[in-house]
Amino acid sequence: MGSLHNASTEQLQALDAQHHLHPFTDTRALNAKGTKVIKRAEGVYLWDSDDQKFLDGMAGLWCVNVGYGRREILDAAYQQMEQLPYYNSFFQTSHPPAIELAARIAEVTPPQFSRVFFCGSGSEANDTVVRMVRHYWSAVGQPDKKVIISRENAYHGSTMAGASLGGMKPMHAQGGLPIPDIEHIMQPHWFINGFDETPEDFGLRAAQALEERILAVGPERVAAFIGEPVQGAGGVIVPPDTYWPEIQRICKAYDILLVADEVICGFGRTGNWFGSNTFDIEADLLAIAKGLSSGYLPIGGVVVSDKVAEGLEAGGDFNHGYTYSGHPACAAAALANIELMQRERIVESAGDSIAPYFQKRLAEFAEHPLIGQVRGVGLLGALQLVPDKPSNTPFAKGGVVGTVCREHCIRNGLVMRAVDDAMILSPPLVISESEIDELFDKARRSIDQTLDDYRNSRIDFS
Ligand code: PXG
């Protein structure tokens, strides 16, 4: 424990402001306000440096799937660090935790997968995807297949390749992105992009944008399509039922690899082990991270189908890898996490009983005057805030209403994430029914308070 363990909130905030640059943050604005310092956690709850308690409706950053404080994961990491805190998997070496974790991943992923390449995060996983699919096509004699097609408003990480694959315009604007040979098509966001069509027709249209782009680029140049089964950071965008089957058909028809970015959807989030199971996607590669270790230690990976693995084998050296690929302590933590999920049937009970209860309580918000659309699957949920229900017209000042609502949530002891005008939920999979009741009581109070602000013109977000 560091020497600041007993420091006051003000001391911690002052030091933080002096020395710590935060991700995706306006530093000046944050420092004027002061950070919220989170000090401990247990189950689905967090406590801050003033000992205020919060229900963590986001499982950290969509990752603490088994909840906080699981002794089995702590012990596994500790014991591994005693035995072998570090070794690499370059130069013809390996070590037991990476070996065992790779085998365990093959056990829980869909049947076409039996191999994994390890890295430290979801961003690194997607950087690996870019290099790997291009190397694959070279190895099988089609070196011109380099273009990767992704979607607007997708999130695939913050490294140069991850942010390029992602479809977040403000990210592209900083740092001269995207890198070459990345294309973006429309997102399957019915409420925003397809409101006047049936969801089924819109789902087909959004998928067919892939076919149009493949034909525009030339199928002989297209290496892969990448998509999150449900776009997470984009706003929990659950595609219409017609979307993924059509994407699958198009990828097969033009011999394009299908990459499922399972960084959020993987390890139980959508009610099955992978989003690919929930949406019946037969992917060639999976990007994984977050729930792989429930966020206890940083680790990610790219899981490759046997077809892709065979192609890569034909290509000789793959000139790619990280110091921490398969890091022993991180691998041991991930292994303990998956074992825990299997032993306690966490994914199955989330899918069979907790997720249906969560979705039932979430759906009740469809009646709320401030909510235009409720979206969700498994333990993912979104409440889209609108000024003029039932229209889909957004608030004129995008993002303000979400920030106001989030602040109410915090005051009411609930962590919810705002994505533009949508309030997002992704709680630990181990949340109980009574904790779900508490979550939605707090969410309702916060949304009612936001509506009150709006109706009384306390805040200008119209
Ligand atoms: N793919 C997906 C689908 C993600 O959601 C990444 C890749 C990148 O993973 P790393 O481990 O490099 O962060 C992510 C990460 C947010 C938020 O505000 C979401 C993510 C990360 C940070 C913030 O919703 N997702």
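**Exercise 1. Unusual backbone spots**

Where is the place of Pro178? Find it in the structure above, then look at the backbone around it and at one other proline.

*Solution.* Keep in mind that this is a predicted model.

- Step 1: Pro178 sits in the loop between helix H8 (169-173) and strand E6 (182-185).
- Step 2: Check the bond leading into this proline. Leu177 and Pro178 are joined by a cis peptide bond, with omega at about 0°.
- Step 3: Stay in the loop between H8 and E6, where Asp181 is also found. The phi of Asp181 is near 65°, a positive value in a residue other than glycine.
- Step 4: Now move to Pro390, in the loop between E12 and helix H16 (400-411). The peptide bond from Lys389 to Pro390 is cis as well, and its omega is near 5°.
- Step 5: Put these in context. Most peptide bonds are trans, and most residues other than glycine have a negative phi.

**Exercise 2. A sheet and a salt bridge**

Work out the strand order of the open sheet that four strands form, and then find a charged pair that involves one of its strands.

*Solution.*

- Step 1: Reading across the open sheet, the order is E1-E2-E3-E13, with mixed pairing.
- Step 2: Strand E1 (38-42) and strand E13 (414-415) are the edges, as each pairs on one side only.
- Step 3: Zoom in on strand E2 (residues 45-48) and strand E3 (residues 53-56). These two run antiparallel and pair over three bridges. Within this part, Leu46 has Phe54 in E3 as its bridge partner.
- Step 4: Look for the charged pair. Side chains of opposite charge can pair when their charged atoms come close. Here Asp48 and Lys36 form a salt bridge, at 3.2 Å from N to O. With a cut-off of 4 Å, that distance qualifies.
- Step 5: Place both partners. Asp48 belongs to strand E2, while Lys36 lies in the loop between helix H2 (27-33) and E1, so by position the two are 12 residues apart.
- Step 6: For the wider picture, the count by this rule comes to 21 salt bridges.

**Exercise 3. Where two domains meet**

Describe the contact between domain 1 and domain 2, starting from their bounds and ending with the residues on one side.

*Solution.*

- Step 1: Mark the bounds. Domain 1 takes in 36-65 + 345-455, and domain 2 covers 71-343.
- Step 2: Count who takes part: 33 residues from domain 1 and 33 residues from domain 2.
- Step 3: Turn to area. The size of an interface is often given as the accessible area lost when the parts come together. For this pair, about 2500 Å² is buried between the domains, with 62% of it on carbon and sulfur atoms.
- Step 4: Find the main contributors in domain 1. Trp62, Val347 and Asn392 lose the most area to domain 2, together 25% of what that side buries.
- Step 5: Compare kinds of interaction. Salt bridges between domain 1 and domain 2 number zero, whereas 15 residue pairs are in polar contact.
- Step 6: List elements on the domain 1 side. Those giving two or more residues include helix H3 (59-62), helix H15 (346-363) and strand E11 (371-377). The largest share, five residues, comes from E11.
- Step 7: Finish with residue classes. The side of domain 1 that touches domain 2 has 18 nonpolar, 11 polar and four charged residues.

How values were computed: Residues are numbered from 1 along each chain as its sequence is written. This is a predicted model: local features need pLDDT of at least 70, side-chain atom pairs count only at pLDDT 80 or more; totals for chains, interfaces and linings use all residues. Side-chain values use heavy atoms; hydrogens and water are left out. Two strands pair if DSSP finds at least two bridges between them. Domain bounds come from an automatic or database domain assignment. Contact means heavy atoms within 4.5 Å. Buried area is the accessible area (1.4 Å probe) that two parts lose on being put together, summed over both. A salt bridge is a side-chain nitrogen of Lys or Arg within 4 Å of a carboxyl oxygen of Asp or Glu. A polar contact is a pair of N or O atoms within 3.5 Å; within protein, one must be able to donate a hydrogen and the other to accept it, and residues adjacent in sequence count only if both atoms are side-chain atoms. Ala, Val, Leu, Ile, Met, Phe, Trp, Tyr, Cys and Pro count as nonpolar, Asp, Glu, Lys and Arg as charged, and the others, Gly among them, as polar.
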